[in-house]
Amino acid sequence: VKLRVDDGLTWEAAKERRDAVRDEMISKGASPTQLKQNGFYISRNEWAAWKRYQIILCTEVANDGRSNLTKYRVQRPYQNSSTVWPQGELLQKYRWLTDDEKARKLWKEWYDSMDKGCLHGPNCKAKAQGGHCYQGSRSYYKHIVSGALLPVLSTLFKVHETSRYGRGKDGAKLPPRALRCTVILPQKGRQQQQQLLLQQGPVDLTAEDGSEEQEEGGSAAATPSRRGALVASSSHSPGSARKAGQPQTRLMVGFEMLQPDIEMLATELMIELD
């Protein structure tokens, strides 16, 4: 199954999150300055490749009592999953943006351009040479092997371990990641190459827990995150029981693999890919 992951955060969702955080802080007696600090920030320097300023949404992380350092959860138009920055680093690189109309315009510009674009801008060298680049893109692809995998599990891992694809400079290669996600099926019934829309997840089953990754530091997103809205191309879509008016869903569990590895696995198992 080929999944298109949309890791973006719409303006409406970002503003709703900001307002919800502020409402909660008001109920706890937060000061006007604290409320102002939870909101949108604009970069002090222009992002050269796109000739525009970066914009982020920052919401304060609850203090666990182990440190007096104020930290913020940072989200971008093209990065719904969050990283955590200390306040000092945030204010070094960004400044408050109190004008919601300016924030909306800039947020939507980044959201729209990063659907198919990357952080290298319109003149990305990889794309100019006919290749692909997903650095910072909110849309990218995953390939999932799903179905009755237990009988072929040893073959799957053998193909993964012997394949030359996806190795680092030291020759090492990460194991396949087991993912679980719930997808929403289209309303029109079964048909070839249906689009499946993510309802929940994906959850990385190979991680120590199901919590969302949070990184310390303020670097821009260089690689796709583990979470996001997924759209999948699938040749089959068995239904599930649901109440009238509710979307039809399906639980998908499988291993994320590189496309060349999946093609090698199909050859090994003597099956044809759709």
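These are my notebook entries on what I looked up in this structure.

**Entry 1: the whole chain**

I reminded myself before starting that this is a predicted model. I looked up the secondary structure, and the chain has seven helices and 11 strands. Next I checked burial: of the 274 residues in the chain, 39% are buried. I also looked at contacts between residues at least 6 apart in sequence, and 67% of them join residues at least 24 apart.

**Entry 2: the cores**

I noted a general point here: in soluble globular proteins, nonpolar side chains tend to be buried together. So which residues have the most contacts inside the largest nonpolar core? I found Ala14, Phe40, Ile55, Ala103, Trp107, Trp110 and Met114, in a core of 16 residues. Then I looked up which elements give two or more residues to this core, and I got helix 1 (11-27), strand 2 (39-47), strand 3 (52-60) and helix 4 (100-113). Helix 4 gives the most, with four residues.

I picked Ile55 for a closer look. Leaving out residues up to four places away in sequence, Ile55 touches Phe40, Tyr41, Arg76, Pro77, Leu97, Ala103, Leu106, Trp107 and Trp110. Apart from this core I found another one, of nine residues, and Leu156, Val159, Ala178 and Met257 are among them.

**Entry 3: helix 1 and helix 4**

I jotted down that two packed helices are described by the angle between their axes and the distance between the axes. For helix 1 and helix 4 I read an angle of about 135°, with the axes 10 Å apart. The two helices are therefore oblique to each other. Is their crossing left-handed or right-handed? The crossing of helix 1 and helix 4 is right-handed.

I listed who makes the contact: Trp11, Ala14, Lys15 and Arg18 from helix 1, and Asp100, Ala103, Arg104, Trp107 and Lys108 from helix 4. Sorted by class, this contact of helix 1 with helix 4 has four nonpolar, no polar and five charged residues. I spotted Ala14, Ala103 and Trp107 in this contact, and I had already written them down for the largest nonpolar core.

**Entry 4: helix 6 and helix 7**

I repeated the lookup for helix 6 (residues 153-162) and helix 7 (residues 259-269), and they pack at an angle of about 130° with their axes 9 Å apart. That makes helix 6 oblique to helix 7. The crossing of helix 6 past helix 7 is right-handed.

On the helix 6 side, the contact is made by Thr155, Leu156, Val159 and His160, and on the helix 7 side by Asp261, Met264, Leu265, Glu268 and Leu269. By class, I got five nonpolar, two polar and two charged residues for the contact of helix 6 with helix 7. Leu156 and Val159 turn up in this contact, and I had them in the nine-residue core too.

**Entry 5: two single residues**

I looked up Trp96, which lies in strand 6 (residues 94-96). Trp96 has 30% relative accessibility, so it counts as partly exposed. Not counting residues up to four places away in sequence, Trp96 touches Lys36, Gln37, Phe40, Tyr41 and Leu91. Cys58 is 38 residues from Trp96 along the chain, and their C-alpha atoms are separated by 9.8 Å.

My last pick was Glu263, in helix 7. Is Glu263 buried, exposed or partly exposed? Glu263 counts as partly exposed because its relative accessibility is 40%. From C-alpha to C-alpha, Glu263 and Leu273 are 7.7 Å apart in space, and 10 residues apart in sequence.

Methods
Residues are numbered from 1 along each chain as its sequence is written. This is a predicted model: local features need pLDDT of at least 70, side-chain atom pairs count only at pLDDT 80 or more; totals for chains, interfaces and linings use all residues. Side-chain values use heavy atoms; hydrogens and water are left out. Axes are lines fitted to C-alpha atoms, for helices over the stretch in contact, and angles run from 0 to 180 degrees between N-to-C directions. Angles under 35 degrees count as roughly parallel, over 145 as roughly antiparallel, 65 to 115 as roughly perpendicular and the rest as oblique. A crossing is left-handed if the near helix is turned anticlockwise from the far one by less than a right angle, and right-handed if clockwise. Contact means heavy atoms within 4.5 Å. Ala, Val, Leu, Ile, Met, Phe, Trp, Tyr, Cys and Pro count as nonpolar, Asp, Glu, Lys and Arg as charged, and the others, Gly among them, as polar. A nonpolar core is a set of buried Ala, Val, Leu, Ile, Met, Phe, Trp, Tyr and Cys residues joined through side-chain atoms within 4.5 Å. Buried means under 20% relative accessible area, exposed over 50%, partly exposed in between (1.4 Å probe, protein chains only).
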